Amino acid sequence: MFWKKQASHFDSDAEQRQAKIKELRAALGSLSVRGEKYCDEACLIRYLDARNWNVDKSRKMLKESLKWRATKRPEDIRWPYVSVEAEIGKMYKATFTNREGRTVVVMRPAKQNTSSHERQLQYLIYTLENAVLSLPEGHAKMVWLIDFTGWTLAHATPFKAARDGMNVLQNHYPKRLSIAFLFNPPLLKVLVDLKSAQKLNFVYKENKESMKTMYNHIDPEILPMEFGGKNNVMYNHEDYSKLMTKDDIKTASFWAADVNPVAKVDWVPKVKPQSSLIVAKAS
C-alpha cells in the first residue's frame, strides 16, 4: 500500500509539472524561429524551476530573456569580436570537464586586460553561450572555477559592471550553474542570490581538506597544476583561438545562422597577434 501511494504521488507530481510546462509554452504565444529553438522543454523547465514553478512569474522572466536575446543577439557574437578579451586567459572554457562531463569555465579576475565594461560583458556572454552549447546531452548546468590567485583590490570590478554581469547570469541564464569553486579567494562580498551562494565552494591550494572538495568533482589527474592538480598544461591563446573559431562554425550551424553574421554590436576590437602574451603548453 505504501509503495502504491508513493507511486501515485510521483505520478501526480509529474502530471502537474507537465501541465505547467504546457501552460507556459501556450502562454508564450507566437515565437520567432530562434525563439522556438531556444524555448525547448529543458528551457521551460529551467525558467519554471527558477521561479518555483509559478507559471506567470516564469512567463515574465522568459519573455524578458527572449526580448534581451532579440536585442543583444548573444548567439551571433563571434570570436573576432571578443578575442582581445582573452589574450592572457582571464576567462575561457577549459579543455577538461568535471567527473560528470560538464563544461568547466575558468575565470581569473587578476588577469583583467581591458577597460571597456561593454566589451567585457560581451565576452562573458560569448563564453556562456559557448559553454552551454558544449554541454553533453542530458546536462544543462556548467561548472565555474574562479581563480583569485594574485587578485587584489586593484583588480576589483566596478560595482556597476559586476551588477550588470550578475544580472545577465541570474536573469538570462537561470539554472545554468551546477557548482562553483572559488580558488584561493580573499575575503569578499559576492553579489549573488542565496540559492546561487549555496553552490559556492571556497578552495585553498594549501588546504588539503578544501582541495578534496574540488577533487570530488574534478579528477586531479586532468586538473591543471596551477589549480592544484597534476596536469602540466596552461592556457594557450593561439590554441584557444583555433578552438573558438571551430566552435563559431558549430554555433552558426546550431542557430542556422550565417557563418560570419553581422552581430548588433557597436564595437569590433582589432585582433592582432600577441606572441609575448601567449603561454606555451608545458611539455
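# Report on a predicted single-chain model

The chain folds into ten helices and five strands. This is a predicted model. Of its 283 residues, 42% count as buried. Among contacts in the chain with a separation of 6 or more, 70% join residues 24 or more positions apart.

## The cavity

Rolling a probe the size of a water molecule over the atoms shows where empty space is left. Here the count is one cavity of 30 Å³ or more. The largest cavity holds about 60 Å³ of space.

Which residues line the largest cavity? The lining consists of Pro74, Ile77, Arg78, Tyr126, Glu129, Asn130, Asp247, Asp248 and Thr251. By class, three of the lining residues are nonpolar, two are polar and four are charged. Two helices each supply at least two residues of this lining: helix H6 (117-134) and helix H10 (237-254). One of the lining residues, Glu129, also belongs to a network of salt bridges.

## Salt bridges

Side chains of opposite charge can pair when their charged atoms come close. The structure holds 15 salt bridges. The table sets out three of them.

| Salt bridge | N to O distance | Relative accessible area, basic residue | Relative accessible area, acidic residue |
|---|---|---|---|
| Arg73 and Asp76 | 2.3 Å | Arg73, 23% | Asp76, 0% |
| Arg163 and Asp164 | 3.8 Å | Arg163, 36% | Asp164, 23% |
| Lys230 and Glu221 | 3.3 Å | Lys230, 56% | Glu221, 47% |

Take the pair of Arg73 and Asp76. Is Asp76 buried or exposed? Asp76 counts as buried, because its relative accessibility is 0% and the cut-off for buried is under 20%. Arg73 is partly exposed, at 23%. The salt bridge therefore joins a buried acidic side chain to a partly exposed basic one.

Both residues also sit in a wider network of salt bridges. That network links Arg34, Arg69, Arg73, Glu75, Asp76 and Glu129.

Now the pair of Arg163 and Asp164. Their closest N and O atoms are 3.8 Å apart. Arg163 is partly exposed at 36%. Asp164 is partly exposed too, at 23%.

The third pair has another pattern of exposure. Lys230 counts as exposed, because its 56% relative accessibility is over the 50% cut-off. Its partner Glu221 is partly exposed, at 47%.

## Glu85, a buried acidic residue

Where does Glu85 lie? Glu85 is in the loop between helix H5 (79-82) and strand S1 (91-97). Its relative accessible area is 0%, so Glu85 is buried.

What does the side chain of Glu85 meet? It makes a polar contact with the side chain of Lys90, at 2.4 Å. Lys90 is also among the contacts of Glu85 beyond four places in sequence. The others are Gln112, Asn113, Thr114, Arg119, Gln120 and Tyr123.

## Loop residues with positive phi

Two residues other than glycine have positive phi values. Trp53 has phi near 60°. Lys175 has phi of about 55°.

Both are loop residues. Trp53 is in the loop between helix H3 (41-50) and helix H4 (55-72). Lys175 is in the loop between helix H7 (159-172) and strand S4 (177-183). Trp53 counts as buried, because its relative accessibility is 14% and the cut-off is under 20%.

## Gly228

Gly228 lies in the loop between helix H9 (208-215) and H10. Its relative accessible area is 16%, so this glycine is buried.

How far apart are Gly228 and Lys205 in space? Their C-alpha atoms are 5.8 Å apart, while 23 residues separate them in sequence. Lys205 is also one of the residues that Gly228 touches. Leaving out residues up to four places away in sequence, the list is Phe183, Lys205, Met211, Tyr215 and Leu223.

Definitions and conventions: Residues are numbered from 1 along each chain as its sequence is written. This is a predicted model: local features need pLDDT of at least 70, side-chain atom pairs count only at pLDDT 80 or more; totals for chains, interfaces and linings use all residues. Side-chain values use heavy atoms; hydrogens and water are left out. On a 1 Å grid over the protein atoms alone, a cavity is a set of points where a 1.4 Å probe fits but cannot get out, and a pocket is an open set with protein on both sides within 12 Å along at least five of seven lines; lining residues have an atom within 4 Å of a point. Grid points are joined across faces, edges and corners, and a volume is the space filled by probe spheres set on the points. Helices (H or I, at least four residues) and strands (E, at least two) are DSSP runs, numbered from the N terminus. Ala, Val, Leu, Ile, Met, Phe, Trp, Tyr, Cys and Pro count as nonpolar, Asp, Glu, Lys and Arg as charged, and the others, Gly among them, as polar. Buried means under 20% relative accessible area, exposed over 50%, partly exposed in between (1.4 Å probe, protein chains only). A polar contact is a pair of N or O atoms within 3.5 Å; within protein, one must be able to donate a hydrogen and the other to accept it, and residues adjacent in sequence count only if both atoms are side-chain atoms. Contact means heavy atoms within 4.5 Å. A salt bridge is a side-chain nitrogen of Lys or Arg within 4 Å of a carboxyl oxygen of Asp or Glu.
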